[in-house]
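The following exercises invite the reader to examine a protein chain step by step. Each task is followed by a worked solution.

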Amino acid sequence: MEAVILAGGAATRMGGADKVMLPLAPEGISLLQHAVDQCWTGGATAVFVVGPERPGLERVTHWVQDQVLGAGPAAGLFSALAHVRSDLVMVCAGDQLIDAAHVSHVTAAAAGHDGAWAVRHPGTSVLERGNAQPLFACVQAQVLRDRKST
């Protein structure tokens, strides 16, 4: 499994601050470094980050530039697919807290299927809206490529 972390957003709700580089307490590492580390620990064989290169980040296999700036996370994902060589690709947002155990679990659940999602269920969030919220997914890369071509 290879991982794609989407970190190219403009963070307009945060006044343009680079939210993926905010420190994660108590470790003090950035949200993005945390996501990269958890992908590797969860079994990734490569980690691609979509967005501008950030100095000081470790263990990023390749920085991918959005082919269409400002077009949203799907466009960022499609930009990264050109670099993915594995059958399965784990996809998450750079500002999403994930952990290696969940990455491993979702990757195992995706085997033999089109994919699997980690979802926060209603009632587990302070910002309750009554709908499940997708957190990250592990998907067959070919399924994504097929969607891009339609």
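A polar contact is a pair of N or O atoms within 3.5 Å; within protein, one atom must be able to donate a hydrogen and the other to accept it. The model examined here is predicted.

**Exercise 1. Describe the overall make-up of the protein chain.**

Solution. Begin with the elements: the protein chain has four helices and eight strands. Read from the N terminus, their order is β-β-β-α-β-β-α-β-α-β-β-α. Next, consider burial: 43% of the 150 residues count as buried. The chain exposes about 8300 Å², and carbon and sulfur atoms supply 56% of that area. Finally, consider the contacts between residues at least 6 apart in sequence: 59% of these join residues at least 24 apart.

**Exercise 2. Determine how many residues of helix 1 are buried, and state which they are.**

Solution. Helix 1 spans residues 31-41. Nine of its eleven residues are buried, and the helix is thus mostly covered. The buried residues are L31, L32, Q33, H34, A35, V36, D37, Q38 and C39. Just after the helix, G43 takes a positive phi of about 115°.

**Exercise 3. Establish whether Q33 is buried or exposed, and identify what its side chain meets.**

Solution. First, locate the residue: Q33 is found in helix 1. Its relative accessible area is 8%, and Q33 is therefore buried, the cut-off being under 20%. Next, examine its side chain, which forms a polar contact of 2.8 Å with the side chain of D37. Lastly, set aside the neighbours within four places in sequence; Q33 is then in contact with G56, L57 and E58.

**Exercise 4. Carry out the corresponding analysis for Q38.**

Solution. Q38 also has its place in helix 1. With a relative accessible area of 17%, Q38 is buried. The side chain of Q38 reaches the backbone nitrogen of A100 at 2.7 Å. Beyond its neighbours within four places in sequence, Q38 is in contact with I98, D99, A100 and V103.

**Exercise 5. Explain which way the side chains of strand 4 point, and find the strands with which strand 4 is bridged.**

Solution. The general principle comes first: in a regular strand the side chains alternate between the two faces of the sheet. In strand 4, residues 47-50, V47 and V49 point one way, while F48 and V50 point the other way. All four of these residues are buried. Turning to the partners, strand 1 (residues 2-6) pairs with strand 4 in the parallel sense over four bridges. Within this pairing, V4 stands opposite F48. Strand 4 is also joined to strand 5 (residues 62-64) by three bridges, and these two strands run parallel. Here the bridge partner of V49 is W63.

**Exercise 6. State how many disulfides the model contains, and assess C39 and C92.**

Solution. A disulfide is a covalent bond between the sulfur atoms of two cysteines. The test applied is a pair of cysteine sulfur atoms within 2.5 Å. By this rule the count is zero. C39 is in no disulfide, as the nearest cysteine sulfur, that of C92, is 4.6 Å away. Likewise, C92 is in no disulfide, and the nearest cysteine sulfur to it is that of C39, at 4.6 Å. As for burial, C39 has a relative accessible area of 0% and is buried. C92, at 3% relative accessibility, also counts as buried.

Terms used:
Residues numbered from 1 in each chain as written. Predicted model: local features only at pLDDT ≥ 70, side-chain atom pairs only at ≥ 80, totals over all residues. Heavy atoms only, no water. Buried < 20%, exposed > 50% of the residue type's maximum accessible area, 1.4 Å probe, protein only. Contact = heavy atoms within 4.5 Å. Pairing = 2+ DSSP bridges. Areas by Shrake-Rupley, 256 points an atom, 1.4 Å probe, with all protein chains shown as cover.
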